[in-house]
Amino acid sequence: MKKLFSKKAIVAVIIAVLIAASALAAVLAGGSGFLSTGLETIFSPFKSAAASVAEVCENLYGYMYEYDSVVKENEELRAQAAGAGESEREIALLEAENERLRELLDFGSRHSDYVFSPSAVISWSSSNWDSYFTINSGSANSEVAVGDCVITSSGAIVGVVTSVEATTSTCRSVIDTGFSASVTLSNSGSTASVSGDYSLMRSGTLKLEYFTDSNKILTGDAILTSGQGGSYPPGLLVGYVSSINTGSDGLSQYAVITPAAELDSVVDVYIITDYAIGE
């Protein structure tokens, strides 16, 4: 949209109004006699209005000054970024990376025994029968080993390493039918088992079974690895309960779990290469 008035024109109007308001105030305040009385009578209805207009103009001028300061600061930041040879996209990527590192730092502070190794997902291999992905960490460039968990910066489990090459590793995702883990429910603290399921894998979800009290399971409950059995470290976020259903036998119940990790878009991941095994 085109500007109706230029900045110079607005400033000129403001100055003119302020001068006029000041002159009028001086005349009314300093005059005497018949002329002063006449002017007071004529301009009295406009005196308060003039003061209000002057106040508005002063506020508008202050706003314009602050706006110019912000614009100048923004231009200086852009110049600094350009001087550093970084595009806006690169800066955004750096900010996102910093946010992930802050999340990892927060997660790591709650699990000080975990040792992390950064990595990245470079490809996915999914079908109706399995769900695997490849990361750019291998025996030649990291400490990755078969059985290591792959997580996001917030501690959401993406999968587990199944084979290691020199510079890459293949991982089974949490929705693959070969994935299973002992878990705890955040709401009740009770234990259960979570695993991949053929019928659910197509929708990107997995199944929670073998819980003792279905009344304690609520939609939205967080599902965390329990650490029992030594297969997975405790405290990894598997996902959230999205629904509770009755099994095909009409008696048993199971819950559908939506993974906490966004499998369709996750790129930057971290490998837990070591952790303390509880007694």
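Contact here means heavy atoms within 4.5 Å, and the legends below describe close-up views of a predicted model.

**Figure 1. Surroundings of Ile-135 in strand E2.** Ile-135 touches Ser-119, Ala-120, Val-121, Ile-122, Val-150, Thr-167, Thr-168, Ser-169, Cys-171, Val-269 and Ile-271, not counting residues up to four places away in sequence. With a relative accessible area of 0%, Ile-135 is buried. The C-alpha atoms of Ile-135 and Thr-167 are 8.7 Å apart in space, although 32 residues separate the two in sequence.

**Figure 2. Surroundings of Val-269 in strand E12.** Val-269 has a relative accessible area of 0% and is therefore buried, the limit being under 20%. Residues up to four places away in sequence aside, Val-269 touches Ser-117, Pro-118, Ser-119, Ala-120, Val-121, Ile-135, Val-150, Ile-151 and Val-158. One of these, Pro-118, is 151 residues from Val-269 in sequence, yet the C-alpha atoms of the two are 6.1 Å apart. Ile-135, the subject of the preceding view, is also among the residues that Val-269 touches.

**Figure 3. Gly-138 in the loop between E2 and E3.** Gly-138 is buried, and its relative accessible area is 0%. Apart from neighbours within four places in sequence, Gly-138 is in contact with Val-144, Val-164, Glu-165, Ala-166, Thr-167, Thr-168 and Ser-169. Between Gly-138 and Ser-169 the C-alpha distance is 5.5 Å, with 31 residues of separation in sequence.

**Figure 4. Polar contacts of Ser-142 in the loop between strand E2 (131–135) and strand E3 (149–151).** The side chain of Ser-142 reaches the backbone oxygen of Gly-138 at a distance of 2.9 Å. A polar atom of the Ser-142 side chain also lies 3.3 Å from the backbone nitrogen of Val-144. Ser-142 has a relative accessible area of 15%, so it counts as buried under the 20% limit. When neighbours within four places in sequence are left aside, Ser-142 is in contact with Ser-117 and Ser-137.

**Figure 5. The aromatic pair of Tyr-114 and Tyr-275.** The structure holds five aromatic pairs. In the pair formed by Tyr-114 and Tyr-275, the ring centres are 6.1 Å apart and the planes stand at 75°, an edge-to-face arrangement. Distant parts of the chain are linked by this pair: Tyr-114 is in the loop between helix H3 (88–110) and strand E1 (115–126), whereas Tyr-275 is in the segment after strand E12 (268–274), 161 residues apart. Tyr-114 and Tyr-275 are both buried. Ring pairs join Tyr-114 and Tyr-275 with Phe-116 in a cluster.

**Figure 6. The aromatic pair of Phe-179 and Tyr-232.** Phe-179 and Tyr-232 form a tilted pair, with 5.4 Å from centre to centre and 50° between the planes. Phe-179 lies in the loop between strand E5 (169–173) and strand E6 (180–185), and Tyr-232 in the loop between strand E9 (222–225) and strand E10 (237–246), so the pair ties together parts that are 53 residues apart in sequence. Both residues, Phe-179 and Tyr-232, are buried.

**Figure 7. Ile-157 in the largest nonpolar core.** This core has 42 residues, of which Ile-157, Val-194 and Leu-208 touch the most other members. With residues up to four places away in sequence not counted, Ile-157 touches Cys-149, Val-150, Ile-151, Val-174, Phe-179, Tyr-232, Leu-236, Leu-237, Val-238 and Ala-261. Both members of the tilted aromatic pair, Phe-179 and Tyr-232, are thus included among the residues that Ile-157 touches.

**Figure 8. Lys-207 over the ring of Tyr-254.** The charged end of Lys-207 sits 4.6 Å from the centre of the Tyr-254 ring.

**Figure 9. The chain as a whole, for orientation.** The chain contains four helices and 12 strands. Its residues number 279, and 32% of them count as buried. Of the contacts between residues at least 6 apart in sequence, 55% join residues at least 24 apart. The accessible surface of the chain is about 16700 Å², and carbon and sulfur atoms account for 56% of that surface.

Note on methods. Residues are numbered from 1 along each chain as its sequence is written. This is a predicted model: local features need pLDDT of at least 70, side-chain atom pairs count only at pLDDT 80 or more; totals for chains, interfaces and linings use all residues. Side-chain values use heavy atoms; hydrogens and water are left out. Rings of Phe, Tyr and Trp (its six-membered ring) pair if their centres lie within 6.5 Å; planes under 30 degrees apart count as stacked, over 60 as edge-to-face and the rest as tilted. Helices (H or I, at least four residues) and strands (E, at least two) are DSSP runs, numbered from the N terminus. Buried means under 20% relative accessible area, exposed over 50%, partly exposed in between (1.4 Å probe, protein chains only). A charge sits over a ring if NZ of Lys or CZ of Arg is within 6 Å of the ring centre and within 35 degrees of the ring normal. Accessible areas come from the Shrake-Rupley method with a 1.4 Å probe; for residues, only the protein chains shown count as cover. A nonpolar core is a set of buried Ala, Val, Leu, Ile, Met, Phe, Trp, Tyr and Cys residues joined through side-chain atoms within 4.5 Å. A polar contact is a pair of N or O atoms within 3.5 Å; within protein, one must be able to donate a hydrogen and the other to accept it, and residues adjacent in sequence count only if both atoms are side-chain atoms.
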